Structure formats: structure tokens, C-alpha cells
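Thanks for coming. I will keep this short and go through a few contacts, so please have the display in view.

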Amino acid sequence: MQVMERFCLKKSGKSKWLVSLLLLFIPLYVVAGDDVKEMSLEEAIDMAYDEYIRDVAPESLRPFASLSIMGNSAVGADIITEFVRRYNPDFDSEIAQAFIEVGHRYGIRADVALCQAIVETGWFKYGGGTAVTADCHNYCGLGVTAKGRRGAAFASVSEGVTAHIQHLYAYCCNDDLPKGERLVDPRFNMVNRGCARRWHDLNGRWAMNNRYSTAILSVYSSLNEFASGYTR
């Protein structure tokens, strides 16, 4: 979702990207000196994900290849916070705690969901001129369907995390919301319920790219490696 907008805006000053996202399959053009090279949208999105994939060995992803979206988190909020702060010292630990708590209520792998948020927000830095800002509490690009679109905004960390988890819940099951939960995801009813049971199934659905889940699970692999050697 917002990862594509963030990529286009981040690169514009360095390589003079001329980007149009009015339609999903409009080609992109890279201008470098006097040469003009056509780049497909798929290639551009691949480049956006490279920063998460390039340092992770493919074999390290094999244990997570069939990982379900539903399940219990294997990594706690404290470790997640320290992991993210290696890349963003200003990361708010309240976000990690909210992911663990809300994920538990919905039976969603909150540790992986937070890795998805890392990919969508650029380590929660919202860099490169994206219209989404930290005070939107929009951690997964909800409503960011085109360049410059701010998307949804939520009143608090908890509400923003809940919207993200609810959107995953819509994708991975057909159940009603857990008892006592209020719907805050504005795009919940736009999802073909139960169409994505695994993180891999989000490819071509949550994002129009076949490397989307690879980016998420690459971050998750790095998180697991960090957690295995973590000592307070």
C-alpha cells in the first residue's frame, strides 16, 4: 500500500523519477543523464522491497514459507522494541505493546504483523515525503491507494494497530469480530473474507507484487535472529 508511494517519493530527488500511479500498470521511466529507461511498476516495487530482502539469506526464510497469519506471537514487545530501535531510535514502545495485545485478542501473529508495519512505514520513520505521518497512526497503508494520498487516520496508537490487525483478520478468516470488539478498519468490508490464510497469500492482494510477503518475512527472519541472541 503506502510502501510504493514512499519509494517513489524517496527516490525522486536522487534519480529524477517521473512516476505516475493513476493506473496500476502505467510504466515508470527513469531519467539518468540523456538516457531514458522504461521500468515496469513491478520492477519499481521490487526495488522498494530490496532494502528488506537483500541482507537475508533465502534459506533463512524457509521455516516461515507457510507461516499462517493466525497464531501466537513468538517474540515479545520488549524484544521487538529493541529490534526496531536499531534502525529507528525514536520508535515508541507503545506501538509494539499494542500489537502484542491486540494481536492476542484476534489470534493474529502480531510479531509478523509488526514486521509488515516496518515494511509499510520504513521502520516507522515515514520518510521520503510520504503523505502518511506518524500522527495518523496508520501502520499498514490503509487507504493509501495512490501517490500523495494520506489514507486513513486513527485517533490513537491502539486504534491504528487495531485497524491493521482487523484488516489482517478480514483477509485470513470468515469469523465475526471477537466479542466486545468494535470495527475501526474502514476497509474491512472491501476484503474478500478468508482469501489469505498465510502471509504468502497477501502477494497480489494486499500489495500488487509477488515479493511483498518475502519483504515481510525477511524482516521477521531478522527479528527472530535478533531475538535468539537477545540479552537484557
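Start with α3 and α7, and bear in mind that this is a predicted model. How are these two helices arranged relative to each other? Their axes are 10 Å apart and meet at an angle of about 110°. Angles from 65 to 115 degrees count as roughly perpendicular, so α3 and α7 are roughly perpendicular to each other. The crossing is right-handed. For orientation, α7 covers residues 212-228, and α3 covers 77-85.

Which residues make the contact? On the α3 side they are I79, I80, E82 and F83. On the α7 side they are V219, S222, L223, F226 and A227. By type, the contact residues split into seven nonpolar, one polar and one charged.

Two of those names, F83 and F226, come back in the aromatic residues. A search of the whole structure gives nine aromatic pairs. Take F83 with Y87: the ring centres are 6.0 Å apart and the planes stand at 70°, so this pair is edge-to-face. The cut-off for that label is over 60 degrees. Is each partner buried or exposed? F83 is buried, at 1% relative accessible area. Y87, at 35%, counts as partly exposed.

F83 and Y87 also belong to one aromatic cluster, together with W123 and F226. F83 and F226 therefore appear both in this cluster and in the contact of α3 with α7.

The next pair is F91 and F124. Their centres lie 4.9 Å apart, with 45° between the planes, and the pair is tilted. Where do the two residues sit? F91 is in the loop between α3 and α4, the latter being 93-106. F124 is in the loop between α5, residues 110-121, and α6, residues 157-172. The two are 33 residues apart, and the pair links distant parts of the chain. Both F91 and F124 are buried.

Last item, H164, which is in helix α6. How accessible is H164? Its relative accessible area is 0%, and buried means under 20%, so H164 is buried. What does H164 touch, leaving out residues up to four places away in sequence? The list is F99, A113, Q116, A117, Y139, C140, L142 and W206.

That is the end of my list. Questions are welcome.

Note on methods: Residues are numbered from 1 along each chain as its sequence is written. This is a predicted model: local features need pLDDT of at least 70, side-chain atom pairs count only at pLDDT 80 or more; totals for chains, interfaces and linings use all residues. Side-chain values use heavy atoms; hydrogens and water are left out. Rings of Phe, Tyr and Trp (its six-membered ring) pair if their centres lie within 6.5 Å; planes under 30 degrees apart count as stacked, over 60 as edge-to-face and the rest as tilted. Buried means under 20% relative accessible area, exposed over 50%, partly exposed in between (1.4 Å probe, protein chains only). Helices (H or I, at least four residues) and strands (E, at least two) are DSSP runs, numbered from the N terminus. Axes are lines fitted to C-alpha atoms, for helices over the stretch in contact, and angles run from 0 to 180 degrees between N-to-C directions. Angles under 35 degrees count as roughly parallel, over 145 as roughly antiparallel, 65 to 115 as roughly perpendicular and the rest as oblique. A crossing is left-handed if the near helix is turned anticlockwise from the far one by less than a right angle, and right-handed if clockwise. Contact means heavy atoms within 4.5 Å. Ala, Val, Leu, Ile, Met, Phe, Trp, Tyr, Cys and Pro count as nonpolar, Asp, Glu, Lys and Arg as charged, and the others, Gly among them, as polar.
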